[in-house]
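Visitor: Before we start, I would like each label explained by the value behind it and the cut-off that goes with it.
Guide: Then let us look at the model and go label by label.

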Amino acid sequence: MGPQQGLFTEAMGQMAAGVAVVTVKDDRDDLGTTVATLMSVSLDPPLVLISLDSAGYLAEVLLRRDRWAASVLADGQQAVASRFATVGRPGARLLLAGVAHHRGAHSEALVVERGVAAIEAETTQVVPAGDHTLFIGEVLGVDYVDASKAPLVRLRSRYRPVI
């Protein structure tokens, strides 16, 4: 990584981002990762976008499995975010041991409960973008929304409270 890449990483770290866990059911296993890139793309039809490291196993699986879930975490769910962000982690079912969750009706992916929102989507477009892959998905369902909770936010490489 050159000096400009380091400055670029630092510059992008100045933007606050919501934290979500993206999960997918793959045959007998459940997989997931923490993302800070989940965004709305369109209202009609309802589309969302996630960005994943192209070299990661989850990106590979999402090229085979179209349906996935995104659980937008609430402040207080930092441990869940950290579990799913760890390299070489076990399957999602083990990472969610002791954490309220359910299987999504549309995607069969694990959905983390007690966050601020959760959606299920089906990939409609895949866009290679440098060292990442963008997955654009049509929203199949909104599992829940809890606007009474503060979202978990990452800023300057740390989880921060929303004030």
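Visitor: Why is Asp26 called buried or exposed?
Guide: Asp26 has 7% relative accessibility, and buried means under 20% relative accessible area, exposed over 50%, partly exposed in between (1.4 Å probe, protein chains only). Asp26 therefore counts as buried. Keep in mind that this is a predicted model, in which local features need pLDDT of at least 70, side-chain atom pairs count only at pLDDT 80 or more, and totals for chains, interfaces and linings use all residues. Residues are numbered from 1 along each chain as its sequence is written, and side-chain values use heavy atoms, with hydrogens and water left out.

Visitor: What makes Asp26 and Arg65 a salt bridge?
Guide: The term requires a side-chain nitrogen of Lys or Arg within 4 Å of a carboxyl oxygen of Asp or Glu. For Asp26 and Arg65 the closest N and O atoms are 3.2 Å apart, and the pair is a salt bridge. Asp26 sits in strand β2 (residues 20-26) and Arg65 in the loop between α2 and β6 (67-72), so this pair links distant parts of the chain, 39 residues apart, where helices (H or I, at least four residues) and strands (E, at least two) are DSSP runs numbered from the N terminus. Arg65, at 29% relative accessibility, counts as partly exposed. Asp26 and Arg65 also belong to a salt-bridge network with Asp27, Glu60 and Arg64.

Visitor: How do you know that Arg93 and Asp30 are paired, and what does the pair tie together?
Guide: Their closest N and O atoms are 2.9 Å apart, which gives a salt bridge. Arg93 lies in helix α4 and Asp30 in strand β3, so the pair ties together parts that are 63 residues apart in sequence. Asp30 is buried because its relative accessible area is 1%, while Arg93 is partly exposed at 43%.

Visitor: What distance supports the salt bridge of Lys149 and Asp146?
Guide: Their side chains meet at 3.9 Å, N to O. Lys149 has a relative accessible area of 31% and is therefore partly exposed; Asp146, at 23%, is partly exposed too. The whole structure holds 9 salt bridges.

Visitor: Why does Met15 count as exposed, buried or partly exposed?
Guide: Its relative accessibility is 54%, so Met15 counts as exposed. Met15 is in the loop between α1 and β1 (17-18).

Visitor: What makes Phe8, Met12 and Met15 a patch?
Guide: They form a nonpolar patch on the surface, with about 340 Å² of accessible area together. Patches take residues with over 30% relative accessible area and no salt bridge, joining like charges within 9 Å and nonpolar side chains (Val, Leu, Ile, Met, Phe, Trp, Tyr) within 5 Å. The areas come from the Shrake-Rupley method with a 1.4 Å probe; for residues, only the protein chains shown count as cover.

Visitor: Why is Val112 labelled buried or exposed?
Guide: Val112 has 1% relative accessibility and so counts as buried. Val112 is in strand β8 (residues 110-112). From Val112 to Met15 is 97 residues in sequence and 25 Å in space, C-alpha to C-alpha.
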